[in-house]
Amino acid sequence: MAVAAALSERGRGRTTPNPNVGCVIVRDGCVIGRGWTQPGGRPHAEAMALKQAGASAGGATVYVTLEPCAHESPRGPACADLLVAAKPARVVAALTDPDPRTAGKGFAKLRATGIVVTEGVSADLAWRAMAGFLTRQALGRPLVTLKLATSLDGKIALPSGESKWITGPEARAHAHLERARTDAILVGRGTFEADAPRLDVRLPGLEGRSPTRVILSTRHAGDEGGWPVLASPHAIAALTADHLLVEGGAGAASAFLAADLVDRLLLYRAPILIGEGRACIGDIGLGTLAEAHGRWLLSDARALGADRLEIYERRR
């Protein structure tokens, strides 16, 4: 299941509105098929893995991160039907599909034909891999990641506004990898006008994975130069995206934190002190210091060249 979850990550940010599922088929201790949801949502992971396995799928064990879909679609057959036809001995799934069109029906189809179904294996691992889709299903909005690149004293620029570059090339490359794994990227009006950011992916081979660019502005909503403009953080529910990356500036970061819409925090810190300068965030609506505690859980930390990355997840 860990391999299936890792495969599902390959589709992150490219399968919306479909989930980024991963699938592995094993027979006699050997992997005979691997699959992950392809860009645009088709083929599904199970279809890709079954095509690789061919007739050998009969009597095999299928590991999949999400319940096989059971509903009709003009884009392709239901994965539950494909599995029934392939006749594996067992299907091991991490999560039940929250989509009401499937929601247990896929498992029921498999069991009705004698296929053994085991549910709930490594559910936490699969949830993390498909967190964007599952957040959309549960909350009706994308999973929001806030990126902050700061000095040790929490500054994002000199008093003059100079900010290139606070972090080094390794940290910036990692940030571009994060862009490649998201559907949409957002900056505030001030950053859009002052910096004219490209917000694309500039890693060799991944240029085609640049996300949709979005502006947060209280002046007006609509469109500006092909970029959607949102009037408030809560308007992200209208985006066709499961993953949203908020990159700047301090106003946009503060607005999303104040609205409690940040699910994941990427904090890149350079080993420099700036002193007087521009803070990474402003007022986020805390009434007491006690309200600040217990909100964030450190999930990862690593060195990126001379810089340090810490990843925090919101406790909910």
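## Exercises on four annotated positions and Arg-141

Arg-141 counts as buried, at 8% relative accessibility. The model used in these exercises is predicted.

**Exercise 1.** Find where Arg-141 lies and which residues it touches, leaving out those up to four places away in sequence.

Solution.
- Step 1: Arg-141 sits in the loop between α6 (131–139) and β6 (143–150).
- Step 2: Buried means under 20% relative accessible area, so Arg-141, at 8%, counts as buried.
- Step 3: Beyond four places in sequence, Arg-141 touches Thr-135, Arg-136, Ile-236, Ala-237, Leu-261, Asp-263 and Arg-316.

**Exercise 2.** Which positions does UniProt give as "binding site", and which of this set are in the lining of the largest pocket?

Solution.
- Step 1: The unreviewed UniProt entry places the feature at Ser-163, Arg-179, Arg-202 and Glu-247.
- Step 2: From this set, the lining of the largest pocket includes Ser-163, Arg-179, Arg-202 and Glu-247.

**Exercise 3.** Is Ser-163 buried, partly exposed or exposed?

Solution.
- Step 1: The loop between β7 (155–157) and α7 (169–180) holds Ser-163.
- Step 2: Partly exposed lies between 20% and 50%, so Ser-163, with 30% relative accessibility, is partly exposed.
- Step 3: Apart from neighbours within four places in sequence, Ser-163 contacts Ile-156 and Ala-157.

**Exercise 4.** Is Arg-179 buried or exposed, and what does it contact beyond four places in sequence?

Solution.
- Step 1: Arg-179 is part of helix α7.
- Step 2: The relative accessible area of Arg-179 is 9%, so this residue is buried.
- Step 3: Beyond four places in sequence, the contacts of Arg-179 include Arg-202 and Glu-247, which also appear in the UniProt "binding site" set.

Key
Residues numbered from 1 in each chain as written. Predicted model: local features only at pLDDT ≥ 70, side-chain atom pairs only at ≥ 80, totals over all residues. Heavy atoms only, no water. UniProt positions renumbered as here; feature names shortened; annotations may be inferred. 1 Å grid on protein atoms, 1.4 Å probe; cavity = no way out; pocket = protein on both sides within 12 Å on 5 of 7 lines; lining within 4 Å. Helix = DSSP H or I, 4+ residues; strand = E, 2+ residues; numbered from the N terminus. Buried < 20%, exposed > 50% of the residue type's maximum accessible area, 1.4 Å probe, protein only. Contact = heavy atoms within 4.5 Å.
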